[in-house]
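This report describes selected strands, ring pairs and one annotated repeat. The structure is shown first, and the aromatic contacts follow.

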Amino acid sequence: LSLQQDVIAGFLYAILILVVFHPVVDLIDNFNLTYRYAPLIIITEKVEERLAGLRIAGRCAPSEEPAYLLDMDTSTAAQPGGGRLVAVCCSSQSIGLYDRETLRFLREYRAHPGTLSGVRFAHACDSVLFSALSRGTVQCWDARSATRKPVQVFSGYPSNVFISFDVSCTDLIVCAGTEKVEKDTFLVFWDARGVTDCAGATKEPLGVYSESHSDDITKICFHPVEPNLLVSGSTDGLVNVFDINKDNEDDALISTCNSDSSVSSLGWSGEDYKQVYCMTHDEGFCWWDMAQLDTEEPITLLHVVDARQSVCAENHGLHYLVGGLYHEKAKKLFLIGGTSTGNIHLISCGTDGLSLVGTLCGGHSATVRSFCWSPTDESLLTGGEDAQLLLWKPGAVERSLTKKTSLKISSSVQKRVRVHNTTLKSRKK
């Protein structure tokens, strides 16, 4: 009898502890994730746990015309009377517009002539989106408009073939990068002010940079908070950082770093976003600290020749890298990679190397080509060669457990892989 009483007492005591202390544990967890003085190591651990705990919260309805989902972006503010939007650039030469929360298809934009390269929303006006065309234009649409025709066209020069672009954080400047034509490659700039005030109008370039790259300019990325800073990457292996407020290209070039390979993706990271990283078409990774340019310290934080060999991943290993995301709360850079069967690997990046945080399974059935991270609700959107658009949230439970079968899609967009061991052109330090 005494033993039974002890067991019952212990059970009741455990329940009492849970009732009393469970709310306190939640408060501590919330403190660790949000308060500025919380230990960074605890924040990082919690963030990594939440990333690894991402689960499918929704899928888009199957498309009548399956296509690779090559790029995507989300609007920054809520639509009046509605939710945020997500725009997806497809290999079918179209841009699909969806409700971000429900993934309900809203409308489609088609650009003629040429191949679309990327998609971006304006930062201040959440209904305005841009995309670059291979036939030498950047086009702009307004989701509020009844027409699906561009409200603004930014025209390049006759020989321009645009394959990359971005919009500055203040929406004042649009920049596009070109393929190499004969011996020329260009960064072309336009004034983007008033894009919705002159429907159907065409804008001419403000100017170009033409000396800093010697091959296709594959990626462009403006700084998240400083509108005058721009980083560009090329198949010549160079990653250039510019201050476009300077009077000429020579003065504008702040730094040139060499990835030793063809650049496939790049971005900004670190405190005040003073770091630059890039991925290469042969799955290499480079990471530099621009804050060290005026010091004697090396600017290279990490150089991984082949991430597939350095990341120990189960579920058939790591086959490719897609891009990176900088988590401001954890003050940490994460990479997104995956397998050809659709598994998504979340990879932590540190100066001591790359390490696997977690793997998202059961979503895609083919290579993932694009993603978009939302820091507000810590959710992840992904798109792939299986034509699926997926929304992942921490601890979510998918309503429908049906999974689309793998789609063998013949894409009209083929990414060239050309590796160049170009030596460092110049580096201002």
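Phenylalanine 162 and tryptophan 190 are both buried in this structure, which is a predicted model. Their ring centres lie 5.6 Å apart and their planes stand at 85 degrees, so the pair is edge-to-face. Phenylalanine 162 belongs to strand 10 (residues 162-167) and tryptophan 190 to strand 12 (residues 187-191); the pair thus links distant parts of the chain, 28 residues apart. The two residues also belong to a cluster, in which ring pairs link Phe130, Phe154, Phe162 and Trp190.

**Aromatic pairs**

Across the whole structure, a search finds nine aromatic pairs. One of them joins tyrosine 109 and tryptophan 141, and this pair is tilted, at 5.7 Å centre to centre with 35 degrees between the planes. Tyrosine 109 is in strand 5 (residues 105-110) and tryptophan 141 is in strand 8 (residues 137-142), so the contact ties together parts that are 32 residues apart in sequence. Are these two residues buried or exposed? Tyrosine 109 has 1% relative accessibility and therefore counts as buried, the cut-off being under 20%. Tryptophan 141 is buried too, with a relative accessible area of 1%.

**Strand 20 and its neighbours**

Six of the six residues of strand 20 (residues 275-280) are buried, so this strand is largely enclosed by the rest of the structure. Gln275, Tyr277 and Met279 point one way from strand 20, while Val276, Cys278 and Thr280 point the other way. This pattern fits a general rule. In a regular strand, side chains alternate between the two faces of the sheet.

Strand 20 pairs with strand 19 and with strand 21, in the antiparallel sense in each case. With strand 19 (residues 263-269), strand 20 shares six bridges; here serine 265 has methionine 279 of strand 20 as its bridge partner. With strand 21 (residues 285-289), there are five bridges, and valine 276 has tryptophan 288 of strand 21 as its bridge partner.

Each of these pairings is also a hairpin, and in each a residue takes a positive phi. The table sets out the two cases.

| Hairpin | Residues between the strands | Residue with positive phi | Phi |
|---|---|---|---|
| Strand 19 and strand 20 | five residues | glycine 270 | near 85 degrees |
| Strand 20 and strand 21 | four residues | glutamate 283 | near 65 degrees |

**A five-strand sheet**

Elsewhere, five strands form an open sheet in the order 6-7-8-9-13, with mixed pairing. Strand 6 (116-121) and strand 13 (201-203) stand at the edges with a single partner strand each, so one side of each has no neighbour in the sheet. From one strand to the next, the twist averages 20 degrees. Where does a parallel pairing occur? Strand 9 (residues 152-155) and strand 13 run parallel and are joined by three bridges. Within that pairing, glutamine 152 has alanine 201 of strand 13 as its bridge partner. Strand 8, a member of this sheet, is also the strand that holds tryptophan 141 of the tilted ring pair.

**Annotated repeat**

According to an unreviewed UniProt entry, the annotation "repeat: WD" covers residues 210-252 and 361-393. For residues 361-393, the computed content is 0% helix and 55% strand, and the end C-alpha atoms of the span lie 13 Å apart.

Note on methods:
Residues numbered from 1 in each chain as written. Predicted model: local features only at pLDDT ≥ 70, side-chain atom pairs only at ≥ 80, totals over all residues. Heavy atoms only, no water. Buried < 20%, exposed > 50% of the residue type's maximum accessible area, 1.4 Å probe, protein only. Helix = DSSP H or I, 4+ residues; strand = E, 2+ residues; numbered from the N terminus. Pairing = 2+ DSSP bridges. Axes fitted to C-alpha atoms, helices over the stretch in contact; angles between N-to-C directions. Phe/Tyr/Trp six-rings, centres within 6.5 Å; stacked < 30°, edge-to-face > 60°. UniProt positions renumbered as here; feature names shortened; annotations may be inferred.
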